[in-house]
Amino acid sequence: MNIPALLRRWWPLPALAVLVLLPYSALPLPGLLDGPIGSPGSLQLLALCLVFGALATGYDLLLGRTGLLSFGHALYFAAGTYATGLLLTRAGLGFWPAAGLGLLAGVALSALLGAVSLRVSGIGFAMVTLAFAQAGSILVQRDPGGVTGGEEGLAATGLPASLVGIAHTADLYWIALAYLVVTLAAVQWAVRSPIGRVWEGIRENERRVEVLGLRPYGFKLVAFVLAGTLAALGGVVYLLLTGGATPQTTTSDFTLSLLVMVVLGGSGTRWGPLVGGVLYTWAQHRLASLAGSGTIAGLPSVLRVPLSQPLFLLGVLFVIIVYALPGGVAGLPARLRARAVSRGAQA
Amino acid sequence: MSTVVLLGITGLGLGALYFLVASGLSLIFGLMDVLNFAHGALLSIGAYATWWAASHSFGFPLALLFGTAVGTLAAVALELGLVRPLYRRPREQVLATVGVGLAVPALLSAIWGADARTFPVPSALAGTFTLLGASVPVDRLVLVGAALVVLLALRLFLGRTRHGLVVRAGVEDRAMVTALGIDVRKAFTLVFAIGGAAAALAGGLAGLYFGSVDPTQGGSLLIFGFVVVVMGGLGSVSGAAVACVVVGLVQQFANYYSTAGLGDLSVVVMLAALLLVRPSGLTGRLA
C-alpha cells in the first residue's frame, strides 16, 4: 500500500494525535481563538466544541441514521448533568459513583420515555418527545423543593480537586476528547452492525422493513436508548467542563440547536455532525465576543444591531445552509467535485 | 365560587390565545405538511408591532389592527420567500422555519432589548367587572371575544367560500386537488396569511393579557400551540377549538390548586397520555 492510500484510510489517527497534543501547543491562531491554543481559555472553548460535536453525532443516530425526528434530546443530556450534579451536591456522593448513577439515570429515562414515545411515529413522535422534554424543563425551572436551583442553575460542589480550576483545563480537554472518541466509535460500530442496517432500512422505508418480517419498534428503541445514553454521558462531561448545570440545557431551544448543528454539518454522514457541532459552538462563542468588541460598536446601527446577536446570525446562516447546501458542510466536497466534472464535460 | 369563576374565565382567556396560535398552525400543517416553527416568531412580530403602535398613541384597536397587518405581511413574505422555493423538500421547509424561529426573536431582542417591555394597556380594558361574585379583568373577555370571532370567521371562510373549499379539499388530499387543475400553491400563501394574522393578533392580545411583551413569549406560547394542535388533530380548526379550552382550563386550575408549574406539566403529560391512547388525536386526523 502506498502512502496516499494509507493516509486516506487512516487519517483520523494522526488527526487524533494532533488533538491529543494540542494542550502542549503555544501556537497563536489570531482571529480563530483569543489566546494561544494551549491557554486555558482556548482549551475550554475547544473542549466545548468537542463535546457539542460529539452530542450532535449522537443526535444524528436518531435524525440521520434512523430517520427519527426527536425534539426532546436535551432531556437526556440534562438528565446526565442534573442527576450527577444533584447526587454530588445534595446527596454528597463521590464523583465517580455520582457520574455512574447519573449515566444510569439517562439510560433509564431514555429507555422508559423512548418505549412510550415510539408507540407513535412521525409528527406524533416529534410532539411526544417535545412534550416530555418540556415537562423536564418545567420541572427543572420550577425548582421543586429547591433542589435544582431553578433559573440560577446548579453549581456542582464536591468535584474531584484534580478536575477543577484553570490549572486543570488540559485534563478536562482530554476528557472531552475521550468522550468524542467514545461517541464516534460507538456510533460507527452501531451503524455498521446488523442493527445499523435495519436502521438504514427504517429510515428509507419503514413499511418495507415490516414486510421483511422485522419489528421496527425494537430497533428504533435501541437507537433511542443508545443516543440517550451518549447524550447523558455528554451531560456528565459538560458538568465537569462548566462546573455546574444550567436550565438552558433543558429547553427545546437546546434540542433545536443540536438539530441546527447536525444539518449544518451534514445529516447521516460520519463526520458531518461533528463538524457542524464544532463550527456552531465555535461560531456562537466567537460571535458573542465579537459582539462585545470595538469593531462592532463602531458600525452604524443598521449593521450593529443584528450583528450583536449571535443567534440571529446563526439562524440566518442556518436558513442559507438549508437552501444553498442541502448536504451540509460534509456534502461540500462531493458537490464541488460534481460541479467540476459537469464543467469538464461541457468544455 | 368566585375563585372558580375567575380561574375559569382566565383559563378561557389563555385558551383563546392558544386557539389563535393553533388554528393557523393546524391549517398550515394540514394543508402543507409543514410544522411551522416560525409561528412563534410571527406572534412576536405581531406583539412588538402592536406594542410599538400602542406606545406611539395609535389607540388600542388601531394598534391591534396594525400589528395584525404587519404579522400577515411577515407570514406572506415567509411563505413566498422561504417556504415556497423548498416546495418539494418538506423536511427542509421545517428546517427553514426553525432558522427563522431562531433568528427573529434574536433580532427583536437586539433592537428592543431582551427584557420585557411594559404594554400600554388602555384604561377601558384595565378594569374589572363583577360576574357571579368574582371581579374578572375585562381583557379576558376581549381575548375570548377575539378568539370566537376568529373561529366564526374561519368556519365561514372554510365552509362558505370557494377558497375555503380548496383549502379543505387540500387538507384531505392535496394530490387530488392538483389533479383537478387547481393551483394549490395559492391556497398555501392564503393559509400562511391567515395563520400569520391569527398569530399576530394573538401576539397583540398576549401583550394585553400579560401586560408586557418580550422576545421569548412567542416560543413559549408556540409550544402550547403545538400541544393544542396535536390534541385537536392536525388540520382541524374545530378540534383545535375544543382542545384549547381543555388545555387553558386544566392549566389554570392545576396551577392554582397545586404548586405553580404543575399546570404546565399536567398539560404536556395529558398530551402524551392522549397520543398513546388515541394516536390520531381527538378528531382522528393525525397522520
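**Exercise 1. The helix α6(A) and its end**

Just after α6(A), A:Asp143 adopts a positive phi of about 60 degrees. The model examined here is predicted. Starting from this residue, characterise the helix that precedes A:Asp143: what is its length, and is it enclosed or open?

*Solution.*
Step 1. Take the extent. The helix α6(A) contains 20 residues, and from its first C-alpha to its last it reaches 28 Å. This is close to the 28 Å expected at 1.5 Å a residue.

Step 2. Examine burial. Of the 20 residues of α6(A), 15 are buried, so the helix is largely enclosed by the rest of the structure.

**Exercise 2. Packing of α4(A) against α6(A)**

Describe how helix α4 of chain A is placed relative to helix α6 of chain A, and state which residues meet.

*Solution.*
Step 1. Choose the descriptors. The angle between the axes and the distance between the axes describe two packed helices.

Step 2. Apply them. The axes of α4 (residues 73-89) and α6 (residues 123-142) of chain A come within 9 Å, crossing at roughly 35 degrees.

Step 3. List the residues. From α4(A) come A:Ala74, A:Leu75, A:Ala78 and A:Tyr82; they meet A:Phe132, A:Ala133, A:Gly136 and A:Val140 of α6(A).

Step 4. Classify them. The contact of α4(A) with α6(A) has seven nonpolar residues, one polar residue and no charged residues.

**Exercise 3. The two chains as globules**

Determine how the radius of gyration of each chain stands against the value for a globule of its length, and describe the fold content of each chain.

*Solution.*
Step 1. Chain A has 16 helices and two strands. A compact globule of 347 residues would have a radius of gyration near 20 Å, and the 21 Å of chain A agrees with that. Along the principal axes, its C-alpha atoms fill a box of roughly 70 × 60 × 50 Å.

Step 2. In chain A, 47% of the 347 residues count as buried. Among contacts in chain A with a separation of 6 or more, 73% join residues 24 or more positions apart.

Step 3. Chain B comprises 12 helices and four strands. Its radius of gyration is 18 Å, close to the 19 Å that the globule rule gives for 287 residues, so chain B is as compact as a globular protein of that length. The box filled by its C-alpha atoms is roughly 60 × 45 × 35 Å along the principal axes.

Step 4. For chain B, 54% of the 287 residues count as buried, and residues 24 or more positions apart make up 77% of the contacts with a separation of 6 or more.

**Exercise 4. The interface and the core**

Which helices of chain B each supply at least two residues of the side that touches chain A, and which residues have the most contacts inside the largest nonpolar core?

*Solution.*
Step 1. The contact takes 32 residues from chain B and 33 residues from chain A.

Step 2. On the chain B side, α4 (90-112), α10 (217-232) and α12 (262-277) each supply at least two residues. The largest share, 13 residues, comes from α4(B).

Step 3. By class, this side of chain B has 27 nonpolar, three polar and two charged residues.

Step 4. The largest nonpolar core has 205 residues, and A:Val51, B:Leu17 and B:Val227 have the most contacts inside it. Not counting residues up to four places away in sequence, A:Val51 touches A:Ala176, A:Tyr179, A:Gly234, A:Val237, A:Tyr238 and A:Leu241.

**Exercise 5. Assigning burial to two residues of chain B**

Are B:Thr50 and B:Val138 buried or partly exposed? Give the surroundings of each.

*Solution.*
Step 1. Recall the cut-off: a residue with 20 or more other C-beta atoms within 10 Å is buried, and one with 12 or fewer is exposed.

Step 2. B:Thr50 lies in helix α2 (residues 39-55) of chain B. It has 31 C-beta neighbours inside 10 Å and therefore counts as buried. Beyond its neighbours within four places in sequence, its contacts include B:Ala63, B:Phe66, B:Gly203 and B:Gly207. The C-alpha atoms of B:Thr50 and B:Leu201 are separated by 8.7 Å, although their positions lie 151 residues apart along the chain.

Step 3. B:Val138 belongs to helix α6 (residues 138-160) of chain B. With 15 other C-beta atoms within 10 Å, B:Val138 is partly exposed. Leaving out residues up to four places away in sequence, B:Val138 touches B:Leu125, B:Gly127, B:Thr128 and B:Phe129.

Definitions and conventions
Residues are numbered from 1 along each chain as its sequence is written. Chains are lettered from A and ligands numbered from 1 in the order in which they are written. This is a predicted model: local features need pLDDT of at least 70, side-chain atom pairs count only at pLDDT 80 or more; totals for chains, interfaces and linings use all residues. Axes are lines fitted to C-alpha atoms, for helices over the stretch in contact, and angles run from 0 to 180 degrees between N-to-C directions. Two residues are in contact if their C-beta atoms, placed from the backbone, lie within 7 Å. Ala, Val, Leu, Ile, Met, Phe, Trp, Tyr, Cys and Pro count as nonpolar, Asp, Glu, Lys and Arg as charged, and the others, Gly among them, as polar. A nonpolar core is a set of buried Ala, Val, Leu, Ile, Met, Phe, Trp, Tyr and Cys residues joined through C-beta atoms within 7 Å. The expected span of a helix is 1.5 Å times one less than its number of residues. The radius of gyration is taken over C-alpha atoms; the globule rule is 2.2 Å times the number of residues to the power 0.38.
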